[in-house]
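Q: Please take a close look at a single part of this protein and describe it in detail. I should like to know how that part is placed among its surroundings, and then how a few other sites compare as points of reference.

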Amino acid sequence: LTTEDRIHVKITDANSSCYKVPQSVLPCPNGTLESSTSSAAIQFNYTTSPFSFMIYRTSTNETLFTTASHPLIFEPQYLCVKTALPRNANIYGLGDHSDSFRLPTFNTTRTLWSRDAYGIPTGTNLYSNHPIYFDHRTTGTHGVFLLNSNGMDIKINDTESTDGNATLEYNVLGGVLDFYFLAGSEDDPLEVSKQYAEIVGTPAEVPYWHQTQTQHLSFSSTFSRTWFLS
């Protein structure tokens, strides 16, 4: 599952069972690290007691994800993981929602729970859930994907520290902590999207006949309304 551009971290409770996204719904991506870990674009490191882990970029030694200084909670119906973010973090994703494209970092909560919101009010969770975020920095763009289908709140806040740095916190109702960390690229923000597609697959292309039919129906509906009003 781990490649030169991807690290898979899965934290479970060996003494209990819980729901996991089945392979029939989302098969594990292919991939093996063919060479040594030193050649990988990102690295994994951890501390045993108290347990914490971090992901950092090999070329720059920059920390991309770290749970240091933040307790990791793993209970049957509550999981909590918090990581540090840079000042004025550029965070995107965590859909489906009606928030701004670049997510606010001031006391923001992104709820991942499918719902249909009439009128699509601002700051509302919508039809689908995608627990993936992209962190765009001047030093590169990387991604973090949490494979967990339970309801969750993801909080982004820049008021907890005196230096202006932000944090991102997962609050999940259950399941396991099944993370995929994507190295992305130092100069091409599109690369992280391609790496994400290697995990979840690419969307099906809309048939040309369907698009043409939709345009025809739209025209017919408009014509009918015009005729009726006249």
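A: The account that follows concentrates on one strand, moves outward to its partners, and ends with two individual residues elsewhere in the chain.

The model is a predicted one. The protein has 230 residues, of which 37% count as buried, and its secondary structure comes to two helices and 13 strands. Among contacts with a separation of 6 or more, 62% are made by residues 24 or more positions apart.

The part chosen is strand β10, which runs over residues 140–146 and is mostly covered, with seven of its seven residues buried. This burial applies to both faces of the strand. One side carries G140, H142, V144 and L146, while T141, G143 and F145 lie on the other.

Two strands pair with β10. Strand β9, residues 132–137, does so in the antiparallel sense over six bridges. Within that pairing, F134 stands opposite G143 of β10. The connection from β9 to β10 is a hairpin of two residues. The second partner is strand β13, residues 177–185, which is also antiparallel to β10 and is joined to β10 by five bridges. Here L146 has F179 of β13 as its bridge partner.

Helix α1 adds a further element to this picture. In α1, which spans residues 191–200, the buried residues include V192, Q195, Y196 and I199. These four lie on the same side of α1, because they cover an arc of only 100° around the axis. The general basis for such a pattern is that an α-helix has 3.6 residues a turn, so residues three or four places apart point the same way. The cover over the buried residues of α1 includes β10 together with β1 (6–11), β9 and β13. Thus β10 and both of the strands named above as its partners are among the elements that cover this helix. Just after α1, G201 takes a positive phi of about 90°.

Strand β10 also has a part in the largest pocket, which holds about 330 Å³ of space. Of the 20 residues that line this pocket, N129, P131, L147, N148 and S149 are the closest to its centre. The elements that give two or more residues to the lining are β10 and α1.

Two sites outside this strand serve as points of reference. The first is K82, a residue of strand β6 (residues 78–85). K82 counts as buried because its relative accessible area of 14% falls under the 20% limit. Its side chain makes polar contacts with two glutamate side chains: that of E160 at 3.2 Å and that of E169 at 3.1 Å. Apart from neighbours within four places in sequence, K82 touches T66, T67, H70, T167 and L168 as well as E160 and E169.

The second site is T124, which lies in the loop between β8 (108–112) and β9. This residue of the loop is likewise buried, with a relative accessible area of 7%. The side chain of T124 reaches the backbone oxygen of P121 at 2.8 Å. Beyond the neighbours within four places in sequence, T124 is in contact with D96, H97, S98, R110, R115 and A117.

To return to the part chosen, β10 is a strand with both faces covered, paired with β9 and with β13.

Key
Residues are numbered from 1 along each chain as its sequence is written. This is a predicted model: local features need pLDDT of at least 70, side-chain atom pairs count only at pLDDT 80 or more; totals for chains, interfaces and linings use all residues. Side-chain values use heavy atoms; hydrogens and water are left out. Buried means under 20% relative accessible area, exposed over 50%, partly exposed in between (1.4 Å probe, protein chains only). Two strands pair if DSSP finds at least two bridges between them. A polar contact is a pair of N or O atoms within 3.5 Å; within protein, one must be able to donate a hydrogen and the other to accept it, and residues adjacent in sequence count only if both atoms are side-chain atoms. Contact means heavy atoms within 4.5 Å. The arc is that of the directions from the helix axis to the C-beta atoms. On a 1 Å grid over the protein atoms alone, a cavity is a set of points where a 1.4 Å probe fits but cannot get out, and a pocket is an open set with protein on both sides within 12 Å along at least five of seven lines; lining residues have an atom within 4 Å of a point. Grid points are joined across faces, edges and corners, and a volume is the space filled by probe spheres set on the points.
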